Amino acid sequence: MQEQKKLPPILLFIFGGSGDLNYRKLTPALFNLFLDVSMPDKFEIIGIARTEYKDDAYKQHLKEGIDNFSRRKDDAKWNDFAGHINYIQMDIEDEKSYIKIEEIAKEKEKEFGEHPVIIFYMAVTPWLVPGIVKNIGALDICKDVKCTRIVAEKPFGHDLESAKEMNKLLSTYFVEDQIFRIDH
């Protein structure tokens, strides 16, 4: 049996963390990776949204998504996985609130004992993405081009011109190797 390569720690921020995409698709997929032992030993998933949730209620919400939409269920493993999930209620239009993200990244780096790969996942309506990109792009943690990534999901613009504008915006704050695009 081939030994699995040690994966670096990952800190995943999901904007739209209380939304349908995370509930139906992202968390079930991440849970399946966890069940397959394809997640790093050190990882943290931070859901970010406007909805008011306590961490336990948020985890219960995501567990319902697993129960309803995942092809695999494992209550014992869910408890282990849920230990890596947290939630931040945040007004994504308030640029000062993004300081929380940088603080969490620094705390997790200290806790992990090494610098994590930081992923920002845009699971929000497309019209919210530009404001989020500008605010996270201003954070010092995004200047680390080797360890910071952004995933833009949803319809990537509503036509060719808006897709070009989105690319231009992303390229203002991130280099191409940091950007991952998913379109439906």
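A residue counts as buried under 20% relative accessible area, as exposed over 50%, and as partly exposed in between. Glu 114, with a relative accessible area of 29%, is therefore partly exposed. This classification is applied below to a predicted model, beginning with the sheet and the helices that lie across it.

The sheet is open and consists of six strands in the order E3-E2-E1-E4-E5-E6, with parallel pairing. Its edges are formed by strand E3 (85-89) and strand E6 (179-182), each of which pairs on one side only. From one strand to the next the twist averages 20°. Strands of a sheet pair through backbone hydrogen bonds, in either a parallel or an antiparallel sense. At the E6 edge, strand E5 (residues 148-153) pairs with E6 in the parallel sense over four bridges. Within this region, Val 151 stands opposite Phe 180 in E6.

Two helices lie across strands of the sheet. Helix H1 (residues 20-35) lies across strand E1 (10-15), strand E2 (43-49), strand E4 (117-122) and E5, and runs at about 165° to E1. Helix H5 (residues 129-137) lies across E1, E4 and E5, and its direction is at about 160° to that of E4.

Helix H1 also packs against helix H2, at an angle of about 85° and with the two axes 8 Å apart. The angle makes H1 roughly perpendicular to H2, because angles of 65 to 115 degrees fall in that class. On the H1 side, the contact comprises Asn 22, Tyr 23, Arg 24, Thr 27, Pro 28 and Phe 31. These residues meet Tyr 58, His 61, Leu 62, Glu 64, Gly 65, Ile 66, Asn 68 and Phe 69 in H2.

Aromatic pairs number 13 in the structure. In the pair formed by Tyr 23 and Phe 69, the ring centres are 5.7 Å apart and the planes stand at 70°, so the arrangement is edge-to-face. Tyr 23 is in helix H1 and Phe 69 is in helix H2, so this pair ties together parts that are 46 residues apart in sequence. Tyr 23 is buried, with a relative accessible area of 13%, whereas Phe 69 counts as partly exposed at 35%. For Tyr 58 and Tyr 87, the centres are 4.4 Å apart and the planes are at 35°, so the pair is tilted. Tyr 58 belongs to helix H2 and Tyr 87 to strand E3, so the pair ties together parts 29 residues apart in sequence. Both Tyr 58 and Tyr 87 are buried. A single aromatic cluster is formed by Phe 31, Phe 34, Phe 43, Trp 78 and Phe 81.

Side chains of opposite charge can pair when their charged atoms come close. The structure holds nine salt bridges. One of them joins the side chains of Arg 72 and Asp 36, at an N to O distance of 2.8 Å. Arg 72 is in the loop between helix H2 (55-69) and helix H3 (75-82), and Asp 36 is in the loop between H1 and E2, so that the pair links distant parts of the chain, 36 residues apart. Arg 72 is partly exposed at 27% relative accessibility, and Asp 36 is partly exposed with a relative accessible area of 41%.

Another salt bridge is formed by Glu 114 and Lys 42, whose closest N and O atoms are 3.7 Å apart. This pair also links distant parts of the chain, 72 residues apart, with Glu 114 in the loop between helix H4 (99-112) and E4 and Lys 42 in the loop between H1 and E2. Lys 42 is partly exposed, with a relative accessible area of 32%.

A salt bridge between buried residues is formed by Lys 108 and Glu 44, with an N to O distance of 3.3 Å. Lys 108 is placed in helix H4 and Glu 44 in strand E2, so the pair ties together parts 64 residues apart in sequence. The relative accessible area of Lys 108 is 11%, and that of Glu 44 is 4%. Elsewhere, Lys 6, Lys 42 and Glu 114 are joined into one network by salt bridges that share partners.

Methods
Residues are numbered from 1 along each chain as its sequence is written. This is a predicted model: local features need pLDDT of at least 70, side-chain atom pairs count only at pLDDT 80 or more; totals for chains, interfaces and linings use all residues. Side-chain values use heavy atoms; hydrogens and water are left out. Two strands pair if DSSP finds at least two bridges between them. Axes are lines fitted to C-alpha atoms, for helices over the stretch in contact, and angles run from 0 to 180 degrees between N-to-C directions. Contact means heavy atoms within 4.5 Å. A salt bridge is a side-chain nitrogen of Lys or Arg within 4 Å of a carboxyl oxygen of Asp or Glu. Buried means under 20% relative accessible area, exposed over 50%, partly exposed in between (1.4 Å probe, protein chains only). Rings of Phe, Tyr and Trp (its six-membered ring) pair if their centres lie within 6.5 Å; planes under 30 degrees apart count as stacked, over 60 as edge-to-face and the rest as tilted. Angles under 35 degrees count as roughly parallel, over 145 as roughly antiparallel, 65 to 115 as roughly perpendicular and the rest as oblique.
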